[in-house]
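Reader: I'm new to reading protein models. Could you walk me through this one, question by question?

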Amino acid sequence: MAILSNSGGKAVRARDVAEALGRDDTLNGSNTVRSTLDRLVATSRAQRAGRGHYQAPAS
């Protein structure tokens, strides 16, 4: 959530979030982050901003 909140309202890719978290740069690392981001979207704690892009919800 901090990474999304600190993105200045811009959409970020799951791969960029994984990199910021220090996850390994593999498909599995990105998929784990993507799954977490999808759960945040499902609980309205994040928004999907296009295919593969996520952002913090509008205030």
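**Buried or exposed, and what touches what**

Author: Let's start with Ser30, which is buried, with a relative accessible area of 8%. Keep in mind that this is a predicted model.

Reader: Okay, so where does Ser30 lie? And which residues does Ser30 touch, leaving out those up to four places away in sequence?

Author: Ser30 is part of helix H3. Skip anything up to four places away in sequence, and the contacts left for Ser30 are Ala14, Arg15 and Ala18.

Reader: How far apart in space are Asp16 and Ser30, C-alpha to C-alpha?

Author: Asp16 sits in helix H2, while Ser30 sits in helix H3. Along the sequence Asp16 and Ser30 are 14 residues apart, and from C-alpha to C-alpha the spacing is 8.7 Å.

Reader: Is Asp16 buried, partly exposed or exposed?

Author: The relative accessible area of Asp16 is 31%. Buried needs under 20% and exposed needs over 50%. That value falls in between, so Asp16 is partly exposed.

Reader: Now Ala49: what distance separates the C-alpha atoms of Ala49 and Ser30?

Author: Ala49 belongs to the loop between strand E2 (47–48) and strand E3 (53–55). Counting along the chain, Ala49 and Ser30 are 19 residues apart. In space, their C-alpha atoms are separated by 17 Å.

Reader: And which residues does Ala49 touch, if you don't count residues up to four places away in sequence?

Author: Ala49 has a relative accessible area of 31%, so it's partly exposed. Leaving out residues up to four places away in sequence, its contacts are Ala11, Tyr54 and Gln55.

Reader: Which residues make up the largest nonpolar core?

Author: This core has 10 residues. Helix H2 (14–20) and helix H3 (27–42) each supply at least two of them. Here's the full list: Leu4, Val12, Ala14, Val17, Ala18, Val33, Leu37, Leu40, Ala46 and Tyr54.

Reader: Let's pick Leu4, then. Which residues does Leu4 touch, not counting those up to four places away in sequence?

Author: Leu4 is one of the residues of the largest nonpolar core. With residues up to four places away in sequence left out, Leu4 touches Val12, Val17, Leu37, Ala46, Tyr54, Gln55 and Ala56.

Reader: What about Ser44: what is its phi?

Author: Ser44 lies in the loop between H3 and E2, and at 57% relative accessibility it counts as exposed. Most residues other than glycine have a negative phi. Ser44 isn't a glycine, yet its phi is positive, at about 65°.

Reader: Zooming out, in what order do the elements of the protein run from the N terminus on?

Author: There are three helices and three strands to place. Reading from the N terminus, the order is α-β-α-α-β-β.

Reader: Why is the protein as compact as a globular protein of that length?

Author: For 59 residues, the globule rule gives 10 Å. The protein comes out close to that, so it's as compact as a globular protein of that length, with a radius of gyration of 10 Å.

Reader: How much of the exposed area do carbon and sulfur atoms supply?

Author: Buried residues are 22% of the 59 residues. In total the protein exposes about 4,100 Å², and the share from carbon and sulfur atoms is 47%.

Reader: Last one: how far apart are the mean positions of the positive and negative charges?

Author: The protein has 9 positive and 5 negative charges. Take the mean position of each set, and the gap is 7 Å.

Definitions and conventions:
Residues numbered from 1 in each chain as written. Predicted model: local features only at pLDDT ≥ 70, side-chain atom pairs only at ≥ 80, totals over all residues. Heavy atoms only, no water. Helix = DSSP H or I, 4+ residues; strand = E, 2+ residues; numbered from the N terminus. Buried < 20%, exposed > 50% of the residue type's maximum accessible area, 1.4 Å probe, protein only. Contact = heavy atoms within 4.5 Å. Core = buried A, V, L, I, M, F, W, Y, C linked by side-chain atoms within 4.5 Å. Rg over C-alpha atoms; globule rule 2.2 N^0.38 Å. Areas by Shrake-Rupley, 256 points an atom, 1.4 Å probe, with all protein chains shown as cover. Lys, Arg positive; Asp, Glu negative; His and termini not counted. Charge placed at Lys NZ, Arg CZ, Asp CG, Glu CD.
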